[in-house]
Amino acid sequence: MLRRARRNFLEVWLAGHFSQPLIQTRVLAQRILVCNSPESVQQAFIDGHEALERKSPQMRHALEPLLGDGLFISDGLVWRERRRVVAPVTHHSRLPELAPVMTSVIEERRDAWRGLPPGAPTDILASMGQLTAEVICAALFGRRLGAGAAATVVEAFRRYQARIGNTDLPSLLGLPDWMPRLRLGISPEVRRIHAVVDGLVAGALRGGESSLIGAMAQAALPGGQRMDATAFRNEAATLFMAGHETTANLLAWALYLLSQAPEAEARLAGEAQAALRGRAAGWEDLPALPYTRAVVDEALRLYPPVPLLARQAGAPLTIAGEAVAPGTIVIVVPWLLHRNPGLWDQPDHFAPERFLPGAPERPRHAYVPFSLGPRVCTGMGFGLAEAVIVLATLLQEFRLRLAPGARVFPVCRLTLRPGERLPMVLERR
Ligand code: HEM
């Protein structure tokens, strides 16, 4: 099981797990409880938030070298204080101000695609990674990360993920947190990413442009203190990483799904053409793109970019009648929950209609691509707006087909991606 988990975390689940409301297992010294029903998910992440605020040791050890005490993996007082500074910078109320950055980056990508030789395969996973890296950089730092720098970070993060793996053997053996973990080959990637982030933070703090970093610098921690330089770097790295990798995978999966579903693809393209008439999408176009949004929601259901939400109990609690002792790992697995046949009709089918306004209601907490409860993703509105703007702008003009011979299968490391590459052929409509 460990070997399978290290290779690809999705391989540990058997067919029966998708419909099982609660899965209990033990890996070496570690008890693991998987919540796979709306009730148990609510009991764990909402009612049990205080006991389960802490991320799993596997997640913390995987990301700590890169993010330090950044919001994604911190807990306790640090998490509470930082959340009050970081969450408002991408709050829904700021999106009209942030969306023009998305529009201008996607306009550049569209123009570059117009110049591609017809029939040449493009790696859509890399292309979306670079695009979303440019978007989050422009929003975060108030200026564009040069194409070379974006590519450097995207590639370094890909290699970081490949080396770090999913399993943290020492934690599974019950060894304490303070014991150093062997992390072969990740230091050069971490140094490369930190060097880029440090340069950008310094630039954003010096330059007078409006930026998320600038907004964070204005916000005081409770008690009036300012965040120190390390906190700044950790939060900037967190927003950069959380803000590009997830959205890139979502876009790659959506484009793949559409390439396999010509009717859905034609419907989305028709909606985009009618709403946009050749221009790039912006914030004000979102209400006229409900089908595009439904495609995004359905892609998030079938291929949730964060397919595993793992916590470690810090205090005793009860979930679905089971006593959970401190130290137990409690996991919500969107990959399982989103395909649970007891919760979804035809769970493995790509059916964006299920998310259109007026579709039958689904059970609460059956759909959690952005997590839920107090640790819900702070960038949810940002990521959703970006994905709709990108898909509508590109698909009104281009049709994407999977390159001949390409094989696509989901691989889960920290995020869920369509293998290492996604070669697709672009055609102008
Ligand atoms: C489609 C895109 C995205 C998806 C699917 C996604 C998903 C998630 C999920 C599932 C979590 C919680 C993880 C857990 O509970 O273990 C999370 C947390 C977070 N996300 Fe996102 N995210 C996306 C985009 C973004 C963007 C664009 C930003 C920033 C601009 C962002 C910033 C964050 C941060 C800071 C956290 C940590 C919140 C906390 O622990 O308090 N995310 N995201």
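What share of the contacts in the protein with a separation of 6 or more is accounted for by residues 24 or more positions apart? In this predicted model, such residues account for 76% of those contacts. The protein contains 15 helices and eleven strands, and of its 429 residues 45% count as buried. The paragraphs below treat two sheets and the helices that pack on them, then the surroundings of the ligand, and finally two individual alanines.

One open sheet has four strands in the order β1-β2-β7-β4, and its pairing is mixed. Strands β1 and β4 form the edges, each pairing on one side only. On average, neighbouring strands of this sheet are turned by 20° against each other when direction is ignored. The mixed character can be followed from strand to strand: β2 and β7 pair in the parallel sense over four bridges, whereas β4 and β7 pair in the antiparallel sense, also over four bridges. Individual residues mark these pairings. V34 stands opposite I331 in β7, and the bridge partner of L309 in β7 is V332.

The edge strand β4 comprises residues 309-312. In a regular strand the side chains alternate between the two faces of the sheet. Strand β4 shows this arrangement, with L309 and R311 pointing one way and A310 and Q312 the other way. Are these four residues buried or exposed? All of them are buried, including R311 and Q312.

Helix α2 packs on this four-strand sheet, where α2 touches β1, β2 and β7, and the direction of α2 makes about 125° with that of β7. Within α2, which spans residues 38-47, the residues S40, V41, Q43, A44 and F45 are buried. These residues lie on the same side of α2 because they cover an arc of only 165° around the axis. An α-helix has 3.6 residues a turn, so residues three or four places apart point the same way. The elements that cover the buried residues of α2 include β1 (22-27), β2 (30-35) and β7 (329-332), together with β5 (317-319) and α14 (334-337). The cover thus includes the strands β1, β2 and β7, which are also the strands named in the packing of α2 on the sheet.

A second open sheet is formed by three strands in the order β3-β11-β8, with antiparallel pairing. Here the edges are β3 (121-123) and β8 (398-402), each of which pairs on one side only. The twist from one strand to the next averages 45°. Strand β11, residues 423-428, pairs with β8 in the antiparallel sense over five bridges. Within this pairing, R401 has V425 of β11 as its bridge partner.

Two helices are associated with the strands of this sheet. Helix α6, residues 124-141, packs on the sheet and touches β3, β8 and β11; the direction of α6 makes about 50° with that of β3. Helix α11 lies across β8 and β11 and runs at about 85° to β8.

Helix α11 also leads to the ligand. Which helix provides the largest share of the shell around the ligand? That share, seven residues, comes from α11. In total, 24 residues surround the ligand, and the closest are G243, T246, C377, G379 and G383. At least two residues of the shell are supplied by each of α4 (76-86), α11 (229-259) and α15 (380-395). By class, the shell has 13 nonpolar, nine polar and two charged residues.

Two alanines remain to be placed. A87 is found in the loop between α4 and α5. A87 is partly exposed, because 14 other C-beta atoms lie within 10 Å, and a residue counts as exposed at 12 or fewer. The C-alpha atoms of A87 and S187, 100 residues apart along the chain, are separated by 29 Å.

A112 lies in helix α5, residues 95-114. With 12 other C-beta atoms within 10 Å, A112 is therefore exposed. The C-alpha atom of A112 is separated by 15 Å from that of R279, a residue 167 positions away along the chain.

Definitions and conventions. Residues numbered from 1 in each chain as written. Predicted model: local features only at pLDDT ≥ 70, side-chain atom pairs only at ≥ 80, totals over all residues. Buried ≥ 20, exposed ≤ 12 C-beta atoms within 10 Å, placed from the backbone. Near = placed C-beta within 6 Å. Nonpolar A, V, L, I, M, F, W, Y, C, P; charged D, E, K, R; others polar. Arc of directions from axis to C-beta. Contact = placed C-beta atoms within 7 Å. Pairing = 2+ DSSP bridges. Axes fitted to C-alpha atoms, helices over the stretch in contact; angles between N-to-C directions.
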